[in-house]
Amino acid sequence: MNSMDTFDPDMTCRVNDGLNDQIIEWSPHWASMYREHASRWDDGVISWDGLLLDGWAPIVHGHPCGH
């Protein structure tokens with residue numbers, strides 16, 4: 001997972017919610033709410049909408065032929 005310091009809320013990706021130990025598919029539709037309400041919880045951890053986001057990863061789509 002990448003650091004939340006490099007997170008771009010306008011990009012579709014997966015984010016890790018350390019509070020609930022789950023991976024969430026991020027929607028860019030949430031970007032404006034994220035910018036308005038997100039706050040730093042700890043080093044590398046962002047508090048947002050009841051979640052503690054501690055990392056993100058790009059969504060990698062498979063090869064077009066399925067490999």
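This passage describes the fold of a predicted model, from its overall make-up to its sheet, aromatic rings, turns and salt bridges.

The chain holds 1 helix and 5 strands. Read from the N terminus, these elements follow one another as β-β-α-β-β-β. Along the principal axes, the C-alpha atoms fill a box of roughly 40 × 25 × 20 Å. Of the 67 residues in the chain, 31% are buried. The accessible surface amounts to about 4,600 Å², and carbon and sulfur atoms contribute 50% of that area. Among contacts with a separation of 6 or more, 48% are between residues 24 or more positions apart.

The strands come together in an open sheet, and it helps to walk across it from one side to the other. The 5 strands lie in the order β2-β1-β5-β4-β3, with antiparallel pairing. At the edges are β2 and β3 (39-42), each of which pairs on one side only. On average, neighbouring strands of this sheet are turned by 45° against each other, direction ignored. As a general point, the strands of a sheet pair through backbone hydrogen bonds, in either a parallel or an antiparallel manner.

Strand β1 is a good place to look at the pairing in detail. On one side, β1 is joined to β2 by 5 bridges, and the two run antiparallel. A further 5 bridges join β1 (residues 13-17) to β5 (residues 51-58), again in an antiparallel arrangement. N16 illustrates both pairings: this residue stands opposite I23 in β2 and opposite G55 in β5. Strand β5 also meets β4 (residues 45-48), to which 3 bridges join it, and these two strands run antiparallel as well. Here W48 stands opposite L51 in β5. β4 and β5 make a hairpin with 2 residues between them.

Two loop residues stand out for their backbone angles. In general, most residues other than glycine have a negative phi. D49, in the loop between β4 and β5, instead has a positive phi near 55° without being a glycine. With a relative accessibility of 64%, D49 counts as exposed, because the cut-off for that class is over 50%. D21 is another non-glycine residue with a positive phi, in this case about 50°. This residue sits in the loop between β1 and β2 and is exposed as well, at a relative accessible area of 68%.

Aromatic side chains offer another view of how the chain is assembled. Across the whole structure, a search finds 7 aromatic pairs. One of them joins F7 and W26, whose ring centres are 5.2 Å apart and whose planes meet at 85°, an edge-to-face geometry. This pair links distant parts of the chain, since F7 belongs to the segment before β1 and W26 to strand β2 (residues 22-26), 19 residues apart. Both partners are buried. W26 also pairs with W30: their ring centres lie 5.1 Å apart with the planes at 85°, so this pair is edge-to-face too. The two tryptophans can be described by their accessibility. W26 has a relative accessible area of 2% and is buried, whereas W30, at 28%, is partly exposed. F7, W26, W30, Y34 and W48 form one aromatic cluster. The cluster therefore includes W48, the residue that stands opposite L51 in the sheet.

Charged side chains add to the picture. Side chains of opposite charge can pair when their charged atoms come close. The search of the whole structure finds 2 salt bridges. In one, the side chains of D10 and R35 meet with an N to O distance of 2.4 Å. Because D10 lies in the segment before β1 and R35 in helix α1 (residues 31-37), this salt bridge ties together parts of the chain that are 25 residues apart in sequence. D10 is partly exposed, at 45% relative accessibility. The other salt bridge is formed by R40 and D43, with the closest N and O atoms 3.2 Å apart. Both R40 and D43 are exposed.

Methods:
Residues are numbered from 1 along each chain as its sequence is written. This is a predicted model: local features need pLDDT of at least 70, side-chain atom pairs count only at pLDDT 80 or more; totals for chains, interfaces and linings use all residues. Side-chain values use heavy atoms; hydrogens and water are left out. Two strands pair if DSSP finds at least two bridges between them. Helices (H or I, at least four residues) and strands (E, at least two) are DSSP runs, numbered from the N terminus. Rings of Phe, Tyr and Trp (its six-membered ring) pair if their centres lie within 6.5 Å; planes under 30 degrees apart count as stacked, over 60 as edge-to-face and the rest as tilted. Buried means under 20% relative accessible area, exposed over 50%, partly exposed in between (1.4 Å probe, protein chains only). Axes are lines fitted to C-alpha atoms, for helices over the stretch in contact, and angles run from 0 to 180 degrees between N-to-C directions. Contact means heavy atoms within 4.5 Å. Accessible areas come from the Shrake-Rupley method with a 1.4 Å probe; for residues, only the protein chains shown count as cover. A salt bridge is a side-chain nitrogen of Lys or Arg within 4 Å of a carboxyl oxygen of Asp or Glu.
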